[in-house]
Amino acid sequence: MGLVVIGVDLGGTNLRTALVSQNGAVADKVKEPTRASDGHAKVVQKLIESIKAQQVRALRSGNAVAAVGVGVPGVIHAHTGVVVKSPNFPDWNNLPLKKDLEASLALPVFIENDANAAALGEQWRGAGQGIKSMILLTLGTGVGGGIILDGRIWAGADGMAGEIGHMTIMPDGRRCGCGNTGCLEMYASSRGIVMTYQERSSLTAMITSEEIYQSARDGDVLSGDVLKDMGRLLGIGIANLINIFNPEMIVIGGGVKDAWPLFIESTRAEIRKRAFEYPATRTKIVPSMLGDDAGVIGAAALAFQKLNTVH
Ligand SMILES: [Zn+2]
């Protein structure tokens, strides 16, 4: 009988679960709607049912489930498994998710911020395989981040480290939902790109980030400049990370990655201008590889690490 863990990626829209083996093989991927608006009791109940269904699938394929790893967006007290607050689950305040799940599942459960989990996933089975020190930036609607040092998530004193999206890159810049102004997230996310475009154009109609990428590819100068400027601000953030952490690799994921050729040269130019030459030259900057699977694979990697059976 093989040993597997259940990797869970609890997003505001989708709940993804999968069985992951010790060598990172992923089986029985399930994606279901989260229905965050149903409130915390129903979402936790749904989570328990989905995990139990995966336990049954594992047994049927002759595997034993050793633990559950869960990635959750928001401020997570990783050591205690408490969701302090989450923008995707507005009614979750200091929710003891680890305790609630363990009480119903009779399995060890490990909770982590979703971006930290995704970073560990990319390091284990994605772009960062064989890399010990790596930073993931997820450029989506917001900007998530995860820092892997010596093969482990850098958790910080409370498990809340890695909030790269809330690095200040523009003093007195746009107000961010976190309370700060000028956070990287307000410029290098799909939302930030749309805001920059709208500020500079006379357009009052809605436009999506994908439409901006497409018009840049079609040669529209304004769209191209918006993406180059986004790349420059991203480069400022990455130059800071390189000087502080001297990582081997920076991995960039999330939907904005689709615009890679439109921003990456500005990013690299800004890094050359600002970061120390040696670490800046040796840091590889690459797109993520795992896509939507990074979260479940990383949550599983975390569970294996906590069980001390991986690596
Ligand atoms: Zn912020």
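In this predicted model, 16 residues of domain 1 are in contact with 18 residues of domain 2. Four elements each give two or more residues to the side of domain 1 that touches domain 2: β5 (75-77), β8 (109-113), α3 and α10 (294-307). Helix α3 supplies the largest share of that side, six residues. By character, the residues of this side divide into nine nonpolar, five polar and two charged.

The division of the protein chain places residues 2-120 and 292-307 in domain 1. Domain 2 covers residues 130-288. The C-alpha centres of the two domains lie 27 Å apart.

Helix α3 runs over residues 114-125. Its twelve residues should span 16 Å at 1.5 Å a residue. The C-alpha atoms at its ends are 16 Å apart, which agrees with that expectation. Twelve of the twelve residues of α3 are buried, so the helix is largely enclosed by the rest of the structure. Among the buried residues are the charged-type letters at either end, D114 and R125. A117, L120 and W124 are also buried.

Across the protein chain, the secondary structure comes to ten helices and 13 strands. The radius of gyration is 20 Å, close to the 19 Å that the globule rule gives for 311 residues, so the chain is as compact as a globular protein of that length. Its C-alpha atoms fill a box of roughly 55 × 45 × 35 Å along the principal axes. Of the 311 residues, 44% count as buried. Among contacts between residues at least 6 apart in sequence, 65% join residues at least 24 apart.

Note on methods:
Residues are numbered from 1 along each chain as its sequence is written. This is a predicted model: local features need pLDDT of at least 70, side-chain atom pairs count only at pLDDT 80 or more; totals for chains, interfaces and linings use all residues. The expected span of a helix is 1.5 Å times one less than its number of residues. A residue is buried if 20 or more other C-beta atoms lie within 10 Å of its own, exposed if 12 or fewer, and partly exposed in between; C-beta atoms are placed from the backbone. Domain bounds come from an automatic or database domain assignment. Two residues are in contact if their C-beta atoms, placed from the backbone, lie within 7 Å. Ala, Val, Leu, Ile, Met, Phe, Trp, Tyr, Cys and Pro count as nonpolar, Asp, Glu, Lys and Arg as charged, and the others, Gly among them, as polar. The radius of gyration is taken over C-alpha atoms; the globule rule is 2.2 Å times the number of residues to the power 0.38.
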